Amino acid sequence: MANPDPVLVHDWHPLAKAEDVAGGRQVAARLLGEDLVLWSTGGRFHAWRDLCVHRGAKLSLGKVKDGCLQCPYHGWTYDESGMCVLIPAHPGQKPPPRARITAFQCREAYGWIWACLSETPNELPVFPEWEADDASKFAMGPYEMDASGPRIIENFLDLAHLPVVHEGILGIESRAEIARYSVEKRADGVYATDIVVWQPDPDGSGMPAAAHYTYRVIRPLAAYLSKQAGTSVFTMMILATPIDEARSKAWIVFSMKGAKATSQQLIDWTERVFLQDKPVVQSQRPELLPLDLQAELHLNCDRTSIAYRQWLNELGVGFGTS
Ligand code: FES
Ligand SMILES: [Fe+2]
């Protein structure tokens, strides 16, 4: 397995729903090939290496007790700083200073628990619409995928699949042509604008119309889109948490302004679209996204993907790519 790249190590990645860890519970998670335990006490969340320093048992099988995390094997008990404070077999003995668990950066946002494996994290990916009062907002996931993070993000940026995989929802088979649009690769990501996709009912009014899309790749494994149709504006951010090189957890936040659909319809629609993509993306070979542009064929419609691969290459992202 490739070593995790500095760029992904410094990024934040969502790992679990906050509700699954809140209230003094612990869960196992995995990030960039590293097993973690997420746990909480008193409303504070922690992300640690999931490995007891005594005999290597998984702390995620233990329990949260009196504000500490207790190992399931011999009961060594670690306080919130990761320091062992009690060894039940020797209750009167002060635990040695090396009896300490590696703690990573951890925080909550969008109802998810995020971790970063570096002590100097990059900025958290921002979904600006989350703060807007006039839009409906939803957080969905995780969706486990047997696919590399870059394959998932590239699928999100892919235009030509819309009238095929999502025919009747996000595209019309008889109007599958992708007109020329603008793509720009900047130091902070990829920008694709002036994209027009014909859709059967883009704003929920029941009428076919042109939807106008803007895409932005924010981080190697985070991308954003905004879609305007009639008076409605739909925005979405997708994140692909790299569990291993070819296994990921996808997370989605989206907002809708001027929607004619109900909240439940929007959720069902988003999930349906995502589940249409899933088997196709999981089938892609090679599993790791090839950054050599000679490795696969690229046409005009694929220029966002080309820019994405070039940007990953410039950043030196080797985890999940080939
Ligand atoms: S392995 Fe954790 S207490 Fe022994
Ligand atoms: Fe799709």
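**A walk through a predicted two-domain model**

Good morning. I begin with a single residue, D194, which sits in strand β13. Please bear in mind throughout that this is a predicted model. The phi angle of D194 is near 55°, which is a positive value in a residue that is not glycine. Is D194 buried or exposed? Within 10 Å of D194 there are 12 other C-beta atoms, and 12 or fewer is the cut-off for an exposed residue, so D194 is exposed.

Let us stay with the strand that holds D194. Strand β13 covers residues 189-199 and runs antiparallel to strand β14, residues 209-219, with eight bridges joining the two. One pair to find on your screen is V197, whose bridge partner in β14 is A211. Strand β14 also pairs with strand β15, residues 222-229, again in the antiparallel sense, and here there are seven bridges. In this pairing T214 has S226 of β15 as its bridge partner. How many residues lie between β14 and β15 in their hairpin? There are two residues between these strands.

I turn next to helix α6. This helix spans residues 303-315, which is 13 residues. From first C-alpha to last it reaches 18 Å, close to the 18 Å expected at 1.5 Å a residue. The buried residues of α6 are R303, T304, S305, A307, Y308, R309 and L312. What covers them? The covering elements include strands β13 and β14, which we have just met, together with α3 (149-157) and β12 (182-186). Just after the helix comes G316, with a positive phi near 80°.

Now to the overall division of the chain. The domain assignment gives domain 1, residues 6-116, and domain 2, residues 128-315. The C-alpha centres of these domains are 34 Å apart. Their contact draws on 13 residues of domain 1 and twelve residues of domain 2. On the side of domain 1 that touches domain 2, the elements giving two or more residues are α1 (6-9), β1 (13-17) and β2 (26-31). Which of these elements gives the most? Strand β1 does, with three residues. By character, the residues on this side of domain 1 divide into eight nonpolar, three polar and two charged.

The largest nonpolar core has 73 residues, and those touching the most other members are L15, L36, L38, A115, I153, A223 and I238. Strand β16, residues 232-244, supplies the largest share, namely seven residues. Where does this core lie? Both domain 1 and domain 2 give residues to the core, so it lies between them. As general background, nonpolar side chains tend to be buried together in soluble globular proteins. To see one core member at work, select A115: beyond its neighbours within four places in sequence, A115 is in contact with H13, L15, L31, L36, A47, F104, Q105 and C106.

Strand β16 brings us to another residue, S232, which belongs to that strand. S232 has 18 C-beta neighbours inside 10 Å and therefore counts as partly exposed. Setting aside residues up to four places away in sequence, S232 touches D203, G204, M256, K257, G258 and A259. Between S232 and C84 there are 54 Å from C-alpha to C-alpha, and the two are 148 residues apart in sequence.

C84 leads us to a further part of the model. An open sheet of four strands is arranged in the order β5-β6-β7-β8, with antiparallel pairing. Why do β5 (63-65) and β8 (84-86) count as edges? Each has a single partner strand, so one side of each has no neighbour in the sheet. Strand β5 pairs with β6, residues 68-70, in the antiparallel sense over three bridges. In that pairing, K63 is matched with Q70 of β6. The loop between β5 and β6 holds D66. D66 has a positive phi of about 50° although it is not a glycine. With 11 other C-beta atoms within 10 Å, D66 is exposed.

I close with the cis peptide bonds. One joins G141 and P142, with omega about 5°, and P142 lies in strand β11, residues 136-145. Another joins R285 and P286, with omega about 0°. P286 is in the loop between α5 (263-283) and α6. Thank you for your attention.

How values were computed:
Residues are numbered from 1 along each chain as its sequence is written. Chains are lettered from A and ligands numbered from 1 in the order in which they are written. This is a predicted model: local features need pLDDT of at least 70, side-chain atom pairs count only at pLDDT 80 or more; totals for chains, interfaces and linings use all residues. A nonpolar core is a set of buried Ala, Val, Leu, Ile, Met, Phe, Trp, Tyr and Cys residues joined through C-beta atoms within 7 Å. A residue is buried if 20 or more other C-beta atoms lie within 10 Å of its own, exposed if 12 or fewer, and partly exposed in between; C-beta atoms are placed from the backbone. Domain bounds come from an automatic or database domain assignment. Two residues are in contact if their C-beta atoms, placed from the backbone, lie within 7 Å. Two strands pair if DSSP finds at least two bridges between them. The expected span of a helix is 1.5 Å times one less than its number of residues. Ala, Val, Leu, Ile, Met, Phe, Trp, Tyr, Cys and Pro count as nonpolar, Asp, Glu, Lys and Arg as charged, and the others, Gly among them, as polar.
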